[in-house]
Amino acid sequence: MADVDNARLGPGERGVGGLREGEGLSANGRSGAAYLKDNLREYGMLLALLAIVTFFVVLVRVQIGVDFLNPQNITNLFLQNSYVIIMALGMLLVIVAGHIDLSVGSVAAFTGAVSAVLTVNMDWPIYAVIPASLVVGGLIGAAQGYWIAYWRIPSFIVTLAGMLVFRGLTLWLLGGQNIGPFPPAFQALSTGFVPDIFGPDRPNYLALVVAVVAALAILILGIRSRARNIAHGMDAEPSGIFWIRNIIMAAALVFVGWKLAGFRGIPNVAVSMAVLTILYAFLAESTTLGRRIYAIGGNLKAARLSGINADRLTFFTFVNMGVLAGLAGMIVTARLNSATPKAGTGFELDVIAAVFIGGASSTGGSGRIVGAIIGAFIMGVMNNGMSILGIGIDYQQVIKGLVLLAAVIFDVYNKNK
Amino acid sequence: MTVLLEMQGISKTFPGVRALDNVTVQVREGEIHAICGENGAGKSTLMKVLSGVYPHGSYEGTILFAGQEARFRGIHDSEAAGIVIIHQELALVPLLSIAENIFLGNERAKGGVIDWRETYRRTEALLAKVGLTEAPTKPVGDLGVGKQQLVEIAKALSKNVRLLILDEPTAALQENDSQKLLNLLLELKAQGVTSIIISHKLNEVRRVADRVTVIRDGSTVSTLDAHAGQVSEERIIRDMVGRDLAHRYPERVRNPREVLMEVSGWSAKHPEHMDRDFIRNIGFNVRKGEIVGIAGLMGSGRTEFAMSLFGRSWGKDIRGRVRLGGQEADVSTVPKAIEAGLAYVTEDRKALGLILEEPIVTNISLANLAGVSKGGVLNDATEQKVATRYKAAMNIRTPNVFQKVMNLSGGNQQKVLLSKLLFTEPQVLILDEPTRGIDVGAKFEIYGIMNKLADEGRGVVMISSEMPELLGMCDRIYVMAEGAFVGELTAAEASQEKIMSLIVREHEVLEHSEMEAAHG
């Protein structure tokens, strides 16, 4: 067989060694601009977020004369977007698996209402309310996932039904009334801050320390994985771009930490968000469970013939989505300090938009947790910035819609290029 | 004879690749002209240039059609000139009727209102021309692939075609449908239709083509004239691969040992026709170090049988017993079948085998993620090592294992698919059409891999529509017809005639018994 191969290889591609060498050259010797062009999508999102933030910093300064990135507003950005980010984690898995969940807004409202009834009307303690509400969310996810996974009913239809059903059940449970207020322990889910272990005075050193440690961790992990990629002959990022990207990210983290330190420190929701993000990124990229979810979205039939239990995985993604919607529901309720029949209206659209802006494919099989988070922040910064500028809700919706469309068009354009 | 089409000095460059380099093709009025070449030789690119998919200006060289220079800016232009391509993947809408498909985009209508009487009248005329006796109102999805192909040709004829181009027209057809199609081509030729046929099946090329142009690595190698006695399979292969293929099948010392897998009483029902068994009481065995073939026409139930065996991936009400390595084996789900040491390599690698958007490395590990992980956490380094090992062992030609599978040639994709299942450490492999749609050189490599697997003491079951391939590779051949095994032949006694006669006899027996049942 050996001479067959050599006969079929043209000059210049003979032998693997030659190829490896050529590749090393292309990775290091190629200009950064060319690399950026090839990986436009990956950097595009980050650049878009950076551009949008800069845009608002300038505009808010010029128009209103305040700092867009003042400590209080940064804290607000976390508080306002926590629920979108938390649900985007679950939605990414659902979309990667090739499905959609339209019910998350209603499910969040319903679990919020359940937690309100348990806490306010029935005086349950918080350590019982939280798990109970998560279980309710999980059960709702299981109820929907059952029809989708085992009866093969399209998720669009099942969750559209769920959207109506749980909105209705929320109204019924609350009797059309708001329930509140909540005890401080419950409110702390959203509006609480991590106490400073270095002392109660300002500035909050803990925030700064955590930010610096996180920035260092990003740098070290980045360097390690880049070295590993080069060792395995992957097309690695040129060093210039690698350092610029990582230094910007580390600097942004330290900047945010410094700003938070000047206000009340790290919000509790930021901690849950960060922990969940790391957990889900790990699940999506480094576990067999995550890999299988990508596989069923990428090619369901091939995955089944590879011995993957697609039905069970689909079921899992919906249970997981339900649990996260439950958590988001409690956080929203805690933030508003009351459960309202209207809570969570339109959340599903923000969450789904975040995932698609973050680069997930609408046909399943691809998309990253980091992308979904950046997508959520792009939506969040726009919401926040436009509100500060006093742009009407009418224009806000038009602009958000166009940004979503532009992101997906950009995606498709990139793929066809 | 006058020249209908002349493509002169066609060159086409993609970023980093010169796909076509000074290709020249000349097609005479009223002939059947075959274009042969390995996958990736540039045949499809050439056809895309001809049909205007790559518009004038995006390539170098000139196209003369019917004596005039053609500057097509799109398929619309080339179709207007009378050039119609029928692609490998048929472009029919399954839920629409034959008539609706034929006139799709070209409706017989007055002011936007379809004239159904005219539509059906012309459809009937066209169907008569291609020899298809079906009602024009029948949905295309209810027809077999062979008949769908005829509908495509009728559609082309409806457009007053001057040059008909068929891209691998018989790839998905079984033997007798292929023969019918080739006869139709000859008939159309007699009526003055010029056609270009692109095919891997050299016996068919030899049968119908007047002249053959061979393309290799984007350049024209030769134009052979059948009437001057220049067309032979050996000559075409030599020009295609640029060397002699002394032996189309690699040598192997045949050394079957003890029985490895034994299937008995295997029956299954079609999920949509639950009234009777579709797979009927199959029993067979494969020994260690043996390559066993399953011959049969398309529709005989070969794939369905193999998939029902592999974790009940097809069929309902499946019965039967499987013994593997002397023990009763549970193959009731895909994971259990894999666990028991069975592997099935699908015939449809794109739809059922690979995740095209994913790189080689993720595809190879997919069926055995436990082998590259610990406690559910993937080990990237191990995974890449495994993939790199198979890349070397299978000779997957690509710079590294991080390439997306969709960018690979058919042969390399097939090797990735094989690697994926080999990584499950199977004892018995069922290979369903392992060489479909891949070029001659890659076929030879796949045969070599199969021989190696048998030498390692595994059992290999090969399902194939190409009888020469079965005869060249197998130690034993089971013949399948109408969902049952109707005969078993050793390598020494097997021949194409014997296999066909077993199949035909079964068909006659069945027809007879059905008639009896109808009368009784």
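The following exchange examines how several descriptions of this predicted model are justified.

User: What makes chain A as compact as a globular protein of its length?

Analyst: Chain A has 18 helices and zero strands. Its radius of gyration is 23 Å, and the globule rule gives 22 Å for 417 residues; the two values are close, so chain A is as compact as a globular protein of that length. Along the principal axes, the C-alpha atoms of chain A fill a box of roughly 80 × 55 × 40 Å. Buried residues account for 41% of the 417 residues.

User: What share of the contacts in chain A between residues at least 6 apart in sequence joins residues at least 24 apart?

Analyst: The share is 80%.

User: How is chain A divided into domains, and how far apart are the C-alpha centres of the domains?

Analyst: Domain 1 of chain A comprises 64-182 + 286-417, and domain 2 comprises 193-266. Their C-alpha centres lie 27 Å apart. Five residues from domain 1 of chain A and six residues from domain 2 of chain A take part in the contact between them. On the side of domain 1 that touches domain 2, three residues are nonpolar, two are polar and none is charged.

User: Why is Glu425(B) called exposed?

Analyst: A residue is exposed if 12 or fewer other C-beta atoms lie within 10 Å of its own. Glu425(B) has 12 such atoms, and therefore counts as exposed. Glu425(B) belongs to the loop between helix H14 (410-422) and strand S21 (428-432) of chain B. Between Glu425(B) and Ala343(B) there are 8.6 Å in space, C-alpha to C-alpha, and the two are 82 residues apart in sequence.

User: Why is Arg312(B) called partly exposed?

Analyst: The limits are 20 or more other C-beta atoms within 10 Å for a buried residue and 12 or fewer for an exposed one. Arg312(B) has 17, which lies in between, so the residue is partly exposed. Arg312(B) is placed in the loop between helix H9 (302-309) and strand S16 (316-324) of chain B. Its phi is near 50°, a positive value in a residue other than glycine.

User: What makes Asp317(B) an exposed residue, and where does it lie?

Analyst: Asp317(B) has 12 other C-beta atoms within 10 Å, and 12 or fewer is the condition for exposure, so Asp317(B) is exposed. Asp317(B) lies in strand S16 of chain B. The phi of Asp317(B) is near 50°, which is positive in a residue other than glycine.

User: Is the peptide bond from Gly180(A) to Pro181(A) cis or trans?

Analyst: This bond is cis, with omega near -10°. Pro181(A) sits in the loop between helix H8 (155-174) and helix H9 (184-191) of chain A.

Key
Residues numbered from 1 in each chain as written. Chains lettered and ligands numbered in written order. Predicted model: local features only at pLDDT ≥ 70, side-chain atom pairs only at ≥ 80, totals over all residues. Domains from an automatic or database assignment. Contact = placed C-beta atoms within 7 Å. Nonpolar A, V, L, I, M, F, W, Y, C, P; charged D, E, K, R; others polar. Helix = DSSP H or I, 4+ residues; strand = E, 2+ residues; numbered from the N terminus. Rg over C-alpha atoms; globule rule 2.2 N^0.38 Å.
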